[in-house]
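Trainee: I have just opened a new structure and would like to learn how to read it. Could you walk me through it?
Mentor: Gladly! Let us take it one feature at a time.

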Amino acid sequence: MNTFSSPVGQPLDRVDGPLKVTGQARYAAEFGTPHLLHGSVVSSTIARGRVRSIDSSEAEALPGVVLVLTHQNRPPIASYDEPYEDDDAAEGSPFRPLYNDRVLYSGQPLALVVAESLELARHAGSLVRIEYDSEPHQTDLLAARDQAHEAPAETPEPRGDFAGAFAAAPHKIEQEYVTPVEHHNPMEMHASTVHYQPGGDLLIHEKTQGVQNCQRYVEDVFGLKGRIRVLSPFVGGAFGSGLRPQYQLPLAVMAALKLKRSVRVVLTRQQMFTFGYRPRSIQHLSLAANETGQLQAVGHRAIGQTSRFEDFTEHEVEWSGMLYRCDNVSLDYRLAPLDVFTPIDMRAPGATLGVYALECAMDELAHASGIDPLQLRLANFAERNGNQDKPYSSKELRACYAQGAERFGWARRSMEPRSMREGHELIGWGMATGVWEAMQMPASAKACLEPDGQLVVSSATADIGTGTYTVMTQIAAAAMGVALAKVEFRLGDSSLSQAPLEGGSATVSSVGSAVQQACALLQAKVLDAVQQFPGSPFAGASLDDVTFAEGRLLLKRDPTVHVDLGEVVRSNGTLEAEARVEPGEKRKEWATATHSAVFVEVRVDEALGTIRVARVVSAIAAGRVVNPKTAGNQIVGGVVWGIGMALQEETLIDHRLGRYLNHNLAEYHVPVQTDVPDVEVIFVEEHDSVVNDLGSKGVGEIGIIGVAAAVANAVYHATGRRVRDLPITLDKVL
């Protein structure tokens with residue numbers, strides 16, 4: 001009798017957990033090699049201008065300093081844009097480290113000191129003297145908003161008559177919402193360890209969300225086609241900062257090629273603030289509703305900052321055209337070029353900002369209309385994506401509202417601000433909706449059965465702490481009918497099967513689908529091999545006639561007829577199959593998205609203005625959840641980040657210098673243990689046969705979306721003060 005139970009859907013522990021907690025998991029800066037050299041980056045101290053001279057003589061005089069690399073003595077690199085355009089590049093001319101004497105932003109790498117130890121390299125870096133010809137700079141988005149140009153984004157066309165509908169509606173709000181620059185700050189700093197091998201090939205250990213992206217980048221920039229292999233088995237967090245190759249990678253490669261030696265470059269925490277980030281934004285929301293709360297007009301205009309050399313765009317305003325039903329919509333997205341580095345995708349890029357503004361505006365409209373915020377959202381529920389005019393493949397958002405509200409106790413909420421209190425604390429309840437596109441990318445995976453019955457599955461994807469190792473192991477074990485202990489999933493190697501960047505909550509949908517398909521192809525090969533055995537009882541059987549369970553191939557009509565998978569391989573030789581999966585044609589007829597409903601309670605000290613988040617309930621509709629434990633962990637992490645976004649997080653800049661002030665974890669505030677309340681996560685049941693064969697939509701991004709708005713709305717409900725400029729600090733509440 002078949003007793004095999006599928007591990008998909010089970011809350012299993014991480015398979016890589018023991019390696020991490022015992023320190024056996026190795027990261028980019030932990031792979032050594034004999035005679036390894038260390039590099040330290042020297043950064044610019046001005047925001048715009050030219051390098052007049054670089055005096056490295058004092059540094060080079062130190063024993064053990066091997067090289068000071070600058071734009072004047074670097075090895076040859078590509079001189080045109082295309083080689084620098086990685087898989088996540090923005091439109092424009094990508095940044096090229098040590099390319100010439102131009103200074104484009106404060107913190108730009110201008111030299112690399114290479115020495116026999118990291119400590120010596122950093123000390124020598126402090127001795128490098130750089131003289132500049134400074135030029136006037138602009139780093140303030142608010143001051144440059146009038147210079148903004150249309151973003152090169154596919155913003156949906158206007159529909160209906162926004163101006164007329166807005167003017168005629170009885171209830172309306174128009175407000176501006178401002179969000180600050182935020183930096184990713186993962187635990188692991190960006191690092192590259194370049195092993196220079198005999199013959200000039202390079203083996204690179206890299207912190208990245210895409211080993212093949214980095215491989216192509218280095219090959220193209222340095223003309224090293226076929227000579228680069230990139231490894232990244234473990235990543236200590238990235239959140240989008242590892243989507244593009246950061247500048248330490250080409251600098252380490254330059255030094256290795258120049259010296260024909262192995263070189264490691266690790267950025268400091270301060271230098272983690274010298275590349276991509278979540279851009280500052282200014283958003284103008286115009287909402288209008290009739291007497292019963294139905295939206296009559298939705299207008300969303302956004303201005304984001306970008307660099308002068310690239311136009312970074314994200315989907316910031318589109319959510320306002322799809323999350324609620326409305327016939328009259330106007331969306332506009334513009335960019336203001338500044339003397340800063342190009343922003344980069346940061347957890348739920350675009351939606352984190354755009355949905356924050358939309359959901360705060362919806363709360364304001366609810367209060368202006370005298371309608372409960374949850375009821376206003378239900379009254380405007382959208383069965384179709386208005387931007388695309390397509391029905392959703394699945395949408396259990398109503399269930400999110402219902403289950404989240406029930407668990408939170410929303411029905412007991414008083415409508416009036418400042419009406420709920422306990423002692424000296426004002427109590428506020430706020431809520432918001434979240435939405436994220438359910439994406440799928442082309443991806444490949446290989447599955448191989450070995451003589452001991454071990455199933456080895458591989459793809460060149462990444463695990464940035466999200467649990468990729470674990471869920472791929474679960475998918476492979478379920479697809480092939482073997483125990484989890486008999487599955488090994490390999491990733492983070494550019495020589496493996498093609499995989500997209502790990503981002504956008506698309507890894508399970510993309511790579512997971514490829515893993516499942518590779519195992520299906522492997523099943524066919526196993527059956528074919530068994531049918532070649534003399535007198536095989538499986539002769540003439542099709543895959544519909546057999547099942548794979550408990551590491552065996554069994555006949556469905558007579559499960560006593562079976563063969564061990566390891567025996568098949570020992571008799572036949574190693575069996576393997578590779579599959580490539582692309583988004584299916586049927587997806588084109590549907591809109592696909594993940595949704596959430598977030599409910600938050602805050603407590604505000606009436607005298608001091610201090611804000612404490614007391615509890616959070618987050619209800620998620622994300623299709624089939626492969627591992628509720630790791631997925632729930634992702635949601636909790638997103639909620640924590642959303643709390644930080646609402647109350648603490650901002651990168652401050654001195655616009656006179658064009659330089660960040662709080663470029664460290666002492667002054668760049670993020671939530672700590674005492675700031676984080678109990679977070680309850682609910683995965684509502686949702687079935688979707690359109691998004692992919694797994695029915696999975698991804699959960700990495702949806703956890704943060706809407707959280708900042710829910711907190712802001714709760715603060716308003718508690719205090720009666722509406723703060724539209726994040727973060728909400730006590731000085732803005734008092």
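Trainee: Let me start with a single residue: in which loop is phenylalanine 239 found?
Mentor: Before we look, please keep in mind that this is a predicted model. Phenylalanine 239 sits in the loop that links β12 (228-231) to α7 (248-259). Its backbone deserves a glance too: phi is positive, about 60°, although phenylalanine 239 is not a glycine.

Trainee: Is phenylalanine 239 buried, partly exposed or exposed?
Mentor: For a call like this, we compare the relative accessible area with two cut-offs: under 20% is buried and over 50% is exposed. Phenylalanine 239 has a relative accessible area of 30%, so this residue is partly exposed.

Trainee: What is the phi of glutamate 550, and where does this residue lie?
Mentor: Glutamate 550 has a positive phi of about 55°, and it is not a glycine. You will find it in the loop between β25 (546-549) and β26 (552-555). With 37% relative accessibility, glutamate 550 counts as partly exposed.

Trainee: Those strands bring me to sheets. In what order do the strands of the open sheet with β25 come?
Mentor: For a sheet, read the order of the strands and then the direction of their pairing. Here three strands are arranged as β25-β26-β27, with antiparallel pairing, and the sheet is open. β25 and β27 (562-564) are the edge strands; each has a single partner strand, so one side of each has no neighbour in the sheet. On average, neighbouring strands of this sheet are turned by 20° against each other, direction ignored.

Trainee: How many bridges join β26 to β27, and which residue is the bridge partner of leucine 554?
Mentor: Three bridges join these two antiparallel strands. Leucine 554 has histidine 562 in β27 as its bridge partner.

Trainee: Which helix lies across β25, β26 and β27?
Mentor: That is α13, residues 565-572, and it runs at about 70° to β27.

Trainee: Now for pairs of helices. At what angle do the axes of α6 and α7 cross?
Mentor: With two helices, look at the distance between axes, the angle, the handedness and then the residues that meet. The axes of α6 (residues 211-222) and α7 come within 11 Å and cross at roughly 50°. That angle makes α6 oblique to α7. The crossing of these two helices is right-handed. From α6, Cys214, Tyr217, Val218 and Phe222 meet Leu249, Pro250, Val253, Met254 and Leu257 of α7. Sorted by class, this contact has nine nonpolar residues, no polar ones and no charged ones.

Trainee: And how does α8 cross α15: roughly parallel or roughly antiparallel?
Mentor: Start with the axes: those of α8 (residues 351-369) and α15 come within 8 Å and cross at roughly 30°. Angles under 35 degrees count as roughly parallel, and that makes α8 roughly parallel to α15. This crossing is right-handed. Among the residues that meet are Glu359 and Asp363 in α8, and Ala712 and Asn713 in α15. By class, the contact has seven nonpolar, two polar and two charged residues.

Trainee: One last feature: which residues does the cis peptide bond join?
Mentor: To read a peptide bond, check its omega. The bond between leucine 726 and proline 727 is cis, with omega about 0°. Proline 727 lies in the loop between α15 (707-719) and α16 (730-733).

Note on methods. Residues are numbered from 1 along each chain as its sequence is written. This is a predicted model: local features need pLDDT of at least 70, side-chain atom pairs count only at pLDDT 80 or more; totals for chains, interfaces and linings use all residues. Side-chain values use heavy atoms; hydrogens and water are left out. Helices (H or I, at least four residues) and strands (E, at least two) are DSSP runs, numbered from the N terminus. Buried means under 20% relative accessible area, exposed over 50%, partly exposed in between (1.4 Å probe, protein chains only). Two strands pair if DSSP finds at least two bridges between them. Axes are lines fitted to C-alpha atoms, for helices over the stretch in contact, and angles run from 0 to 180 degrees between N-to-C directions. Contact means heavy atoms within 4.5 Å. Angles under 35 degrees count as roughly parallel, over 145 as roughly antiparallel, 65 to 115 as roughly perpendicular and the rest as oblique. A crossing is left-handed if the near helix is turned anticlockwise from the far one by less than a right angle, and right-handed if clockwise. Ala, Val, Leu, Ile, Met, Phe, Trp, Tyr, Cys and Pro count as nonpolar, Asp, Glu, Lys and Arg as charged, and the others, Gly among them, as polar.
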